[in-house]
Amino acid sequence: MEIKTAAIIFFVIIASIVPVFTIMYDITDIGLILTSICWVFCIGVIGFVTINGIDLLEENTKTLKISLDKNYKGYTDLGEDTFVYEGKKYSYSYDYDKKKLTVFVESSSLDGVYVNGEKQNNTSN
């Protein structure tokens, strides 16, 4: 489990427990203040994680498109795992951590392996 996910779960649990103690022990003013602080903090953490996740997704998509532009200039119909180049349909897999693009021709034969946009001579990477 990622630290971000664990943090969200932790703060949501804490924010959920505070109202229970407020009701059980009739701590109205302090309980409401603590509940409000916890919920504001939870919403802030969720917003922060969401924004960072969107930024990361956009960065990964941009990196993939740069690699495709460099090696398949003029490609079209970019899909989840396919694109068209010079009338042929290609499929690809992209390892975002290694910035490794593996491209296959329609017949599933390997067309190329690219790391950081550079074609690798040894395609066993």
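Which residue in β2 is the bridge partner of Tyr85? I looked this up first and found Lys88.

**Ground rules.** I am working from a predicted model, in which local features need pLDDT of at least 70 and side-chain atom pairs count only at pLDDT 80 or more, while totals for chains, interfaces and linings use all residues. Residues are numbered from 1 along each chain as its sequence is written, and side-chain values use heavy atoms, with hydrogens and water left out.

**Overview.** I found two helices and five strands in the protein chain. Helices (H or I, at least four residues) and strands (E, at least two) are DSSP runs, numbered from the N terminus. The order from the N terminus is α-α-β-β-β-β-β. I noted 125 residues, of which 23% count as buried. Buried means under 20% relative accessible area, exposed over 50%, and partly exposed in between (1.4 Å probe, protein chains only).

**The sheet.** I traced an open sheet of five strands in the order β1-β2-β3-β4-β5, with antiparallel pairing. Its edge strands are β1 and β5, each of which pairs on one side only. Two strands pair if DSSP finds at least two bridges between them. I read off four bridges between β1 (residues 82-85) and β2 (residues 88-95), which pair in the antiparallel sense. These two strands form a hairpin with two residues between them. In the turn, Glu86 has a positive phi of about 50 degrees. Six bridges join β2 to β3, also antiparallel, and Tyr92 stands opposite Val103 in β3.

**Faces of β1.** I checked which side chains of β1 are buried. Phe83 and Tyr85 point to one face and are buried, whereas Thr82 and Val84 point to the other and are not. In a regular strand the side chains alternate between the two faces of the sheet.

**The core.** I listed the largest nonpolar core, which has 13 residues. A nonpolar core is a set of buried Ala, Val, Leu, Ile, Met, Phe, Trp, Tyr and Cys residues joined through side-chain atoms within 4.5 Å. Leu68, Tyr72, Phe83, Tyr90, Tyr92, Leu101 and Val103 touch the most other members. The elements giving two or more residues to this core are α2, β1, β2 and β3 (100-105).

**Leu64.** I located Leu64 in helix α2. It counts as buried because its relative accessibility is 4%. Not counting residues up to four places away in sequence, Leu64 touches Tyr92, Tyr94, Tyr96 and Leu101; contact means heavy atoms within 4.5 Å. The C-alpha atoms of Leu64 and Tyr94 are separated by 7.4 Å, with the two residues 30 apart along the chain.

**Thr102.** I found Thr102 in strand β3. Thr102 is buried, with a relative accessible area of 12%. Beyond four places in sequence, Thr102 touches Ser91, Tyr92, Ser93, Leu110, Gly112 and Val113.

**Salt bridge.** How many salt bridges did I count? The count comes to one, where a salt bridge is a side-chain nitrogen of Lys or Arg within 4 Å of a carboxyl oxygen of Asp or Glu. Lys70 forms it with Glu118, the closest N and O atoms being 2.3 Å apart. Lys70 lies in helix α2 (residues 28-71) and Glu118 in strand β5 (residues 118-119), so the pair ties together parts that are 48 residues apart in sequence. I entered Glu118 as partly exposed, at 42% relative accessibility.
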